[in-house]
Structures are given as C-alpha cells and as structure tokens.
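Trainee: I have just opened this structure, and I would like to learn how its descriptions are justified. Could you take me through it?

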Number of protein chains: 4
Amino acid sequence: MVGKVGVDRRIQRTRQILQDALMALILEKGYDAVTVQDVIDRANVGRSTFYSHFQDKDALFLSGFESLREQFEQYLSDGASMNGDPWNLSLQMFQHAQSHLQLYKALAGKQGGTVALEHIHKYLTALMREHFKSQFLERKDMDVPPDVLAHYMVSSFMALLTWWLDHDVPYPAERMNDMYRQLTQPGIIAVLR
Amino acid sequence: MVGKVGVDRRIQRTRQILQDALMALILEKGYDAVTVQDVIDRANVGRSTFYSHFQDKDALFLSGFESLREQFEQYLSDGASMNGDPWNLSLQMFQHAQSHLQLYKALAGKQGGTVALEHIHKYLTALMREHFKSQFLERKDMDVPPDVLAHYMVSSFMALLTWWLDHDVPYPAERMNDMYRQLTQPGIIAVLR
Amino acid sequence: MVGKVGVDRRIQRTRQILQDALMALILEKGYDAVTVQDVIDRANVGRSTFYSHFQDKDALFLSGFESLREQFEQYLSDGASMNGDPWNLSLQMFQHAQSHLQLYKALAGKQGGTVALEHIHKYLTALMREHFKSQFLERKDMDVPPDVLAHYMVSSFMALLTWWLDHDVPYPAERMNDMYRQLTQPGIIAVLR
Amino acid sequence: MVGKVGVDRRIQRTRQILQDALMALILEKGYDAVTVQDVIDRANVGRSTFYSHFQDKDALFLSGFESLREQFEQYLSDGASMNGDPWNLSLQMFQHAQSHLQLYKALAGKQGGTVALEHIHKYLTALMREHFKSQFLERKDMDVPPDVLAHYMVSSFMALLTWWLDHDVPYPAERMNDMYRQLTQPGIIAVLR
DNA sequence: TCCTAAGCGAGACGGTACGTCTTGTCTTCCA
DNA sequence: TGGAAGACAAGACGTACCGTCTCGCTTAGGA
C-alpha cells in the first residue's frame, strides 16, 4: 500500500493539468463559454480521464477554489491574528487576491462563473460567524438581524473585491480595504450601538 | 399602415403568453433548468414562433424585466419626488417588489438567472448617476472614487433585496429600507464629509 | 392533415440518404467497422436526426433489409406461381439477388453483419412454413422432424447464396439453383418417402 | 533456464483462468455482450495481464477453440478410422459435442460469436479436403464444383449442429448424424454419379 | 365577399456538448 | 527485472437542446 505514491503523483499531475487548462480557458473566454471538450483538448487528456477525476466542469472549477481556500487559510494562520476585527480579515483577503491576481480573476472575476462567487460567499459568511459570533451575531435586540448583518458585510466586501478584480485599477489591497472600512464601519458601529 | 392593429394585438398576445409561461416555469424549476422547449410546450406555441419573437431564452427573460422596469418607472413618477435621497429610491423599490412579489422572485430571486441581476444592477447604477451626479459623483477629492461608491450602494441594496426575496421573512418593505439606511447612510455621510 | 405529405417526403428522403450511406460504407469497410458517426458524416446529417429515424445502426440496416424484402415479394407475386416447389422459390431468390447484386452483397455478403443473415433466415423459414406446411411440415412419422428439415433447407440455400455473393464467380442464378436442387432434392425426396 | 517451469505453470494458470472466465460469461450474457473488463473482473486479473497473454477478446476466445480442436483430434485418432466416409467424421463430432456440451454451447451456440463458427467452418472444410480430396474434390467433370460441394457439406452439418446446440432436444448424437446422412447422402451420391 | 399577406403550430433538420463506455497502450510498483 | 495493477488517450455511443428551416392552416384587412 506504500507503493501508491508514484501513482498518486500521476493522478495529482493530471488533476493539476486539468485545473490549469480550465483557468487559462476561463481567462480567455469566460467560464460559461468553456466546454469540457475545450478543457480536454487544452490539457491533452482523454475524455474519460476527465470524468474519472471530476464529475463535471463545476466540480473541476470548485476544486480550484478549494486550492485557493487552503492557500488562503495557510496565509491567514501565518499572519497576525484578527483581533476580532472583520476589516482585518478583509484586508488579508484583499492582499491574498493581490498576490494571486490571475487565479482570483479566473475564479471570482466576471469571467468566472456564479458557482465560485456563491461558494466564496458561503465560505466567508461561515468564517465570520465563526470568528465574531460572540460579538454580535447572537444579540437579539438589534434593529438589523444578525443574518442580514452578515449577509451585508460579505456582499459589500465581495462587491468591492469583484469590482477591483474586473477593473484594472492600480489601487493596492490596503487602499481597497480602507474604502471597505470607511463605507461599512460607521454603519456597523451605529447598528451595534 | 392602419390595418396592422389586429395583427399587432395577436403578436402582443403571443409575446405575453410566452413571458407568462417562462415566469411560471422559473418559479417551478429555476431559470437555468427551463429550456426553450419547456416554454414552447407550456405556451402551446410553435418553435419558430418563439424564435420569431425572441432571439433566445435570455431575450424573452429580459423582455419581462423591461415590463417590470416600465411599471417601476410609472410607480416612481406617480410617487413623491426623491429629494435627491437615494434611500427614498430604495424604499420605492422595496415597496414595488413587495407588491409584485412573485414577479420579483422569478426575476431577481435565486431561481432567476444571473442575467436579470446584472441588468438590474446596471439599471440602478445608471439611475443613481442620473439623479445624484451633482451631489457627489463628480467630486474628485474623496477617498472613495465615485465609481466605487455607486457600485457599493447598488450592491448593498441588491444584497438586502435578494436576501429578502429568498428568505420568506415577514419584514415589510419599510423595515428592509430602514436596515439598508442604517447600514449604509453613516458610511456614505462619513465619506462625503 | 393533408399537409403532411411534404413533410413525409422530406422524412423519406432523409431515411433514404441514410440507408444509401450505410450500404456504401458497408461495401467499403464491412458492417462491423462502420460507426454511426461514419454514416452521419457520409449522409451529411445531424446526429440527432439519425437517432430520430433509427434506434441504432442495426435498425437502419434492417430497414434496408425491409426494402429488399418488399421488392422481393413484389417480384415473387409478379412471377409465376411456385407450384408448391421450394426450388422454384430459391430460383426466384437467386435471380433477384443477381439483379440487385450490390445490395445483396452489402446486406447478406460477408461484409454485411450477422443481423441480416439471421433476419433472412427467419424470413425464409417462415415463408417455407407458410407455403409448404400442407405437404410435409405437419407429418409426424418422419425420421427427420419438420423443424430440422426447414432449418436444413434454409441453411443450405443460404450457404450457397452467400458463397455465391462472396466469390465473384460467373455462375448465373439458374446454375446456382440447379446445384442447390441437385444437392438437396434427393435427400428431401428420400426423407419424405 | 531451470526456473522457467514454475513460471510457465503460472502463465498457463493465468491463461486458463481467463479462458474459464470468458466461457462462463459467454454462457451468461452471450459473446458480444462480454467486455474485456468483464473478463478481467471475473478473473481477478489486471488489465495489462490480459493483454500480455492475448491480443484481444477474440484471441482469447479462439484459444479456447484451439483446446477444443486438440481434444477433438485426440478423440479422432483414438477412435476408429473414418474409412473415407464424411458421415463418420460428422458422427465423431456430434458425439464429441455431446460429451462437452457446455463448452460447445459457449463456443458454437447462438450465445457464441461468429468468430468461432467461422473458425470451425474453415477447420472442417480443411479437414474434409485433407481426407477426401482423392475421392472427388479434384474431379473436373461434376455439375457441382468441389468448392461448392465442400461448402455445402460443412454448412449443412453446422446447421444441424447449431440447431441441436440451441434447442434443448433430447436427440442423441447418433440420431442427429442419421438425419444429417439421410438429408445429404442421396444428393452427394447423385452428384458424384 | 372574396383574396392575400402575415402570424402561427408543428416539427424535421444540422449541429454541438454532454456524460458513459470500452478499447489497447503506458507507467509505476513490487516480488 | 519482468509481471500485475490500473491510469491513461482515444473515440463511439445515445441523449438533450439549440437555432434554422420548411410546410400548410388560419386569420385578419383591403379590394
């Protein structure tokens, strides 16, 4: 059973080739326009090989997202703690996006599909609940229900993130995060009294 | 030239039947799962008839959105002026959505496609530019560029709107708009000094 | 309901094109080597069109056989009666094969599949039962059961027919039938006493 | 040099396992429906193992036929001589089939493929030429060419054999051979004058 | 009142992509 | 080092939709 390493390496290599092919094609034509056949041709891979690794195009796409997520969490744990500050988390994400720009553009830019955006949305919402539930998510006396609050914070963040990814503006991550903070922090503070 | 009225009536009737069929099907299965064949069958219409009226499913869908837009603009001009207040506009939209709930759910809810959301986004952004450009969109000295500001305001609004449409919560339109104002107004004021 | 004629003509034309394409390809590569894709390409027809007319390659093939059968039965009823003589029937078939040599080679030659041979076998066996049952197929006192007798006569005939189709020998149909009669008639007479 | 015996044994064992697996599967689903994957799974063998022993499914199948042929020839040489009598040879084969019924059904029954039948046909034709050429195969003055004669005799025989294998009738080998003789001998004698 | 142009239903058609299946080759590991 | 396990490229299969098309029928409206 130890002898599987080499085989596993082959498998991993094929998966990587497929992911790369998809990302490249997304940046060229946009997610929806890419067909499984395109990916297969670009990756020089047999049709059945594709389907033995991934259920469909979405699955391949999301596997790329998972890589991204793992990288990001590694990045997070390496960095400073968040001090319970959501805008610290958003900063990390802006920074991470900046250093993996092509990947982020393919996955979360307007060329990417809805699939990833929804995934990221869910992921961030979960992350927020996890880290800040004690602070406000369980208070019952607010005008704005915690659910709405979380949804708003994540949506606003992603609005700025995707805008940034889709317009080739020279703003650095820190500038983007400052905007995000300026726009959202006052409202959040007001709501939390 | 004059004799076309009866024919036009027939044409309008067919278009309406197709729009209704699509809306009904979207609420049943979600936008993506609906095929042109489904619409044709439901509407009891020939395939070529469909394509003589609309280029594709998206075009039919957007024609439904146009109806909505016209209704909404009628509603707007009937109501009080906005006094240059974005949260007055958002209130009108929440109210309009409330009184056409099924239609809004089909078009902008999670059953609807991305197509409509993007369309609405663009429309609202244009509306904002139109009405409030004098106020701040042309100031050059802000930390947050007007583009980002508009994008943020529309995105936040739509986040609350879609959340409201997709979760069957009993909040009235006014309550939703209060939340929207509470969350966004302080930040906007701060940014505008 | 009269308006279906034009459509039917189109349908018949497409079916004919597909049959012709298959027959040509069989003569080129043999039945088994021909793929549905080959037929589609040769016939300049869409994939779904093929499947809307025929369930699979075998069905298309057998539809060609049905044409042949109809032709043959027309030929039979035009010609002299069989007088209850099986070797008269076999003669007709040798003659019919001779005048439609390419078609017979494609369907029943070694390039053709097993499908047609089995079909023809069954067809001829049924034909025999129909025409000669009174003579001997219901006698119970024979050493050779009627079933075996019919199977033997048809198999022998087809052995000579396929041999003839597969070897480009200059024997005319009448010569082949004489051989068939010489070989089988004495045995049949002996068995029937 | 010395250690090859054990290896050869292993090799033989693998080949046998594969043959058995194929035969069993043919009786279950028919030759055409059996895939290489089926055989591999049934035999608990790796894919490359299969292909290192046999070129393809047909080759494996025919190797089974070769075993049968060797057995039969052993059986032949053990028994009485044929006295130049074809119906003695056919009797031996009917008898041999009777005592290896399952194997014959798998190879030559309707579950078996065309491959075996063609092989057996060729083999028997050759056997006939070998043993009886002096008698008539070289006469030039017959109405029926020797080629056709041989083809007819073998085809008739196989017609009766396969009929017998495919219908579970209680006739013993001798009875089948009597039928074969009754049907064919008179014609043959007549042709040979 | 009849004629004629257009709207329309029905659905055949050429295409494209899908996800499944099988084949024969190639790579890796292990005994 | 040679045989077993199984990953792989290739490509056919049958299905599902798409957007174009051809065909007769119905149904105004103007003559």
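Mentor: We will go through the pairing of two chains and then a DNA strand.

Mentor: First, this is a predicted model, where local features need pLDDT of at least 70, side-chain atom pairs count only at pLDDT 80 or more, and totals for chains, interfaces and linings use all residues. Residues are numbered from 1 along each chain as its sequence is written, chains are lettered from A and ligands numbered from 1 in the order written, and side-chain values use heavy atoms, leaving out hydrogens and water.

Trainee: How do you know how many residues of chain A and chain B are in contact?

Mentor: Contact means heavy atoms within 4.5 Å. By that rule, 27 residues of chain A are in contact with 27 residues of chain B.

Trainee: What is the area buried between chain A and chain B?

Mentor: Buried area is the accessible area (1.4 Å probe) that two parts lose on being put together, summed over both. Here that is about 2,200 Å², with carbon and sulfur atoms giving 70%. On the side of chain A, Y152(A), W163(A) and L183(A) lose the most area to chain B, together 27% of what that side buries.

Trainee: How many salt bridges does the rule find across the interface of chain A and chain B?

Mentor: A salt bridge needs a side-chain nitrogen of Lys or Arg within 4 Å of a carboxyl oxygen of Asp or Glu. Across the interface of chain A and chain B, the rule finds zero.

Trainee: What makes chain A and chain B related as by a two-fold rotation axis?

Mentor: Copies are superposed by least squares on the C-alpha atoms of residues with pLDDT of at least 70 in both. Chain A can be laid on chain B with an RMSD of 0.2 Å, by a turn of 179° and a shift of 0.0 Å along the axis. The two copies are therefore related as by a two-fold rotation axis. The same surface serves both, since 100% of the contact residues of chain A recur in chain B.

Trainee: Which residues are closest to DNA strand F?

Mentor: A residue is near a strand if one of its heavy atoms lies within 4 Å of it. DNA strand F is surrounded by 34 residues, the closest being T14(A), S48(A), Y51(C), G46(D) and S48(D). Of the strand's atoms within 4 Å of the protein, 60% belong to sugar or phosphate and the rest to bases.
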